[in-house]
Amino acid sequence: MQSSREGFVRRTFRGKALILIRCEEYSLKTASLLVVLLIAGTLTANFGLQKVGAVIRPAASSPLAFTLLANIEGWNATVSGCTSGTPNCDPTITQFRGVPFAATIKWGDCCTHDFAIYTAGFATTGVDPTNVCSTANTNGCLAASNTVFQSTTTLSFNATVPKDDFTGLGSYEYFCQFHPTSMHGKFTLYKNPDLAKAGTVNIVDVATVAFSFAATPTSSNWNAAADLNNDGKVDILDVALDAFYFGQPI
Ligand SMILES: [Cu+2]
């Protein structure tokens, strides 16, 4: 069918034939991309990826601005249905390398608190409000907010992990330095899903990841930025993550 139509056009309108063929190729690529997105959406649900908005209160319009309630029993410990030690407390927060985020810390109980970000794996026993925080630290406090007592404070931060070292996701710890045992959660860091840096995750970003699909570092279509989870290959997980944040301001 295609060849007869292609042949007919070539006999009569040689110039337009090329356009027809190109349109068909474009439609095929678009359809393929939609299939990939459909699969990605299914996998996203199955892998249980969570947007930051799912673990913060109130729900934010952007994953880059979130609020935590400081409570000695655990971050967000007074959220309805949440007591210390349940999954809703001390939430794991997803952020992105090279994309500044802003944490708003609300005071929620009796005591003085702060919000501090430490390097991954830092021992709770070493957390102390007298520690000197610097983003140059390789093992210790990277940044800390002012204390909160009957007040609200904020902390802005720009993650520098994961490195392009194929060791997986980046991670930081966050603590209240006054109550580090109970008020302790983690950040999970991916690479920026807004690859085109347009301010919003869009079809160009998803297509960019899809273009490197199945690539490894030795592949001709390898793109380290598309390996969002930093595992040394661009696969459905990377596409799924990008699709998951589709339309989000990043
Ligand atoms: Cu505290």
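This is a guided tour of the structure, stop by stop.

**The whole chain**

Start with everything shown. The model is predicted. Its secondary structure comes to 4 helices and 8 strands. Trace the chain in sequence order and the pattern reads α-α-β-β-β-β-β-β-β-β-α-α. The protein has 250 residues, and buried ones make up 32% of them. Now consider contacts between residues at least 6 apart in sequence: 62% of these join residues at least 24 apart.

**Colour by confidence**

Switch the colouring to pLDDT. The mean for the protein is 81, and 71% of the residues reach 70 or more. Select residues 1–24. There the pLDDT stays under 50, and the model has 7 contacts beyond four places in sequence for this stretch. Next select residues 50–61. Here too the pLDDT is below 50. This stretch has 20 contacts in the model beyond near neighbours in sequence.

**The β1-β3-β6 sheet**

Select β1, β3 and β6. These 3 strands form an open sheet in the order β1-β3-β6, with mixed pairing. The edges are β1, residues 65–70, and β6, residues 152–157; each pairs on one side only. From one strand to the next, the twist averages 25°. As background, strands of a sheet pair through backbone hydrogen bonds, either parallel or antiparallel.

Keep β3, residues 101–107, together with β6. In which sense do β3 and β6 pair? They are antiparallel, over 6 bridges. To see one position across this pairing, pick alanine 103: opposite it in β6 stands leucine 155.

**Strand β7 and its partners**

Select residues 170–175, which make up β7. Of these 6 residues, 5 are buried, so the strand is largely enclosed by the rest of the structure.

Add β4, residues 116–119. Strands β4 and β7 run antiparallel and are joined by 4 bridges. Show threonine 119. Its bridge partner in β7 is tyrosine 172.

Now add β8, residues 184–190. Strands β7 and β8 also run antiparallel, and 6 bridges join them. Which residue of β8 is the bridge partner of glutamate 173? Lysine 186 is.

**Three loop stops**

First, go to the loop between β6 and β7, where proline 162 sits. The peptide bond joining valine 161 and proline 162 is cis, with omega about 5°.

Next, move to the loop between β1 and β2 (93–96) and pick aspartate 90. Aspartate 90 has a positive phi of about 45°, although it is not a glycine. Is aspartate 90 buried or exposed? Count the other C-beta atoms within 10 Å: there are 24, so this residue is buried. The cut-off for buried is 20 or more.

Then find asparagine 230, in the loop between α3 and α4. Its phi is positive, at about 55°, and it is not a glycine either. Asparagine 230 has 21 other C-beta atoms within 10 Å and is therefore buried.

**The α3–α4 pair**

Select α3, residues 203–211, and α4, residues 236–244. In general, two packed helices are described by the angle between their axes and the distance between the axes. The axes of α3 and α4 come within 9 Å and cross at roughly 180°. The two helices are therefore roughly antiparallel to each other.

Show the side chains of the contact. From α3, take Asp205, Val206, Val209 and Ala210. From α4, take Asp238, Val239, Asp242 and Ala243. How many of the contact residues are nonpolar, polar and charged? They divide into 5 nonpolar, no polar and 3 charged.

Stay with α4. Because 7 of its 9 residues are buried, this helix is largely enclosed by the rest of the structure. The buried residues are Asp238, Val239, Ala240, Leu241, Asp242, Ala243 and Phe244.

**Last stop: alanine 198**

Finish in the loop between β8 and α3, at alanine 198. With 12 other C-beta atoms within 10 Å, alanine 198 is exposed. Draw a distance from its C-alpha atom to that of isoleucine 250. The separation is 8.5 Å, although the two residues are 52 apart along the chain.

Key:
Residues numbered from 1 in each chain as written. Predicted model: local features only at pLDDT ≥ 70, side-chain atom pairs only at ≥ 80, totals over all residues. Pairing = 2+ DSSP bridges. Axes fitted to C-alpha atoms, helices over the stretch in contact; angles between N-to-C directions. pLDDT = per-residue confidence, 0-100. Contact = placed C-beta atoms within 7 Å. Parallel < 35°, antiparallel > 145°, perpendicular 65-115°, else oblique. Nonpolar A, V, L, I, M, F, W, Y, C, P; charged D, E, K, R; others polar.
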